[in-house]
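Here is a walk through one protein model, starting inside and working outwards. Have the structure open and follow along.

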Amino acid sequence: RLEELWLTVSIGILVIFMIIIGYQTFALSMGPPSHKETLDPQKVDQHERFSEPGVKQIGSNEYEVVMTLESFAFNPGNLEVPVGAKVHFIMTSKDVTHGFQVPGTNINAMVMPGHIQKISHTFSEPGEFLVVCNEYCGIGHQAMSTTITVK
Ligand code: CUA
């Protein structure tokens with residue numbers, strides 16, 4: 001009798017685990033990926049967001065920098081943002097995976113084709129910051145850089 005009870009309990013636990021795993025698989029496949037913004041790298045120029053890259057003021061002290069990366073340039077380059085403002089970089093790549101790194105800050109992002117990368121930063125001091133691509137993207141990789149002027 002006792003054996004029968006344990007057997008029932010064991011099977012019950014197994015069934016519960018299977019339900020949990022099944023649920024997780026379902027939840028995961030339906031969850032995070034659908035929340036990720038994706039786009040067709042071939043149609044970046046027609047994309048509602050990336051058709052007009054540039055720096056835009058979106059709040060009293062808040063800016064949005066919409067940027068496209070391609071071999072071997074940041075578009076637009078030579079940005080200018082105000083000191084102390086919250087800056088949201090919204091980026092995508094038109095071709096291969098590039099990097100967006102600003103040495104001396106904690107800005108370091110991977111920008112992949114088909115995906116929208118977002119990173120926010122507040123430059124608390126004025127200056128000229130170098131922006132470099134830190135993902136090997138081809139023959140011009142070493143030269144892929146631009147600047148952000150904070151003033
Ligand atoms: Cu772009 Cu390296």
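Start with Phe-74, which is buried at a relative accessible area of 6%; buried here means under 20% relative accessible area, exposed means over 50%, and partly exposed is in between, using a 1.4 Å probe and protein chains only. Before going further, a word on the source: this is a predicted model, where local features need pLDDT of at least 70, side-chain atom pairs count only at pLDDT 80 or more, and totals for chains, interfaces and linings use all residues. Residues are numbered from 1 along each chain as its sequence is written, and side-chain values use heavy atoms, with hydrogens and water left out.

**Aromatic pairs**

The structure holds three aromatic pairs. Rings of Phe, Tyr and Trp (for Trp, the six-membered ring) pair if their centres lie within 6.5 Å, and planes under 30 degrees apart count as stacked, over 60 as edge-to-face and the rest as tilted. Two of the pairs go in the table.

| Pair | Centre to centre | Angle between planes | Type |
|---|---|---|---|
| Phe-74 and Phe-100 | 6.1 Å | 65° | edge-to-face |
| Phe-123 and Phe-129 | 4.9 Å | 55° | tilted |

What does the pair of Phe-74 and Phe-100 link? It ties distant parts of the chain together, 26 residues apart: Phe-74 sits in strand β3 (residues 73-75) and Phe-100 in strand β6 (residues 98-102). Helices (H or I, at least four residues) and strands (E, at least two) are DSSP runs, numbered from the N terminus. Phe-100 is buried too, at 0% relative accessibility. Add Phe-89, and Phe-74, Phe-89 and Phe-100 make one aromatic cluster.

In the tilted pair, Phe-123 is buried with a relative accessible area of 1%, and Phe-129 is buried with 18%.

**Backbone oddities around β3**

Most residues other than glycine have a negative phi, and most peptide bonds are trans. On one side of β3, a cis peptide bond joins Ser-71 and Phe-72, with omega about 5°; Phe-72 is in the loop between β2 (62-70) and β3. Another cis peptide bond joins Asn-75 and Pro-76, with omega about 0°, and Pro-76 belongs to the loop between β3 and β4 (79-81). That loop between β3 and β4 also holds Asn-78, which has a positive phi of about 45° although it is not a glycine. Asn-78 counts as exposed, at 59% relative accessibility.

**The whole chain**

Now zoom out. The protein has two helices and ten strands, and from the N terminus on they run α-α-β-β-β-β-β-β-β-β-β-β. Its radius of gyration is 23 Å, well over the 15 Å that the globule rule gives for 151 residues, so the protein is more spread out than a compact globule. (That radius is taken over C-alpha atoms, and the rule is 2.2 Å times the number of residues to the power 0.38.) Along the principal axes, the C-alpha atoms fill a box of roughly 80 × 35 × 30 Å. Of the 151 residues, 32% count as buried.

The protein is divided into domain 1 (2-35) and domain 2 (41-150), with bounds from an automatic or database domain assignment. How far apart are the C-alpha centres of domain 1 and domain 2? They lie 44 Å apart.

Last stop: helix α1 (residues 2-30), which includes Val-9. Val-9 is partly exposed, with a relative accessible area of 36%.
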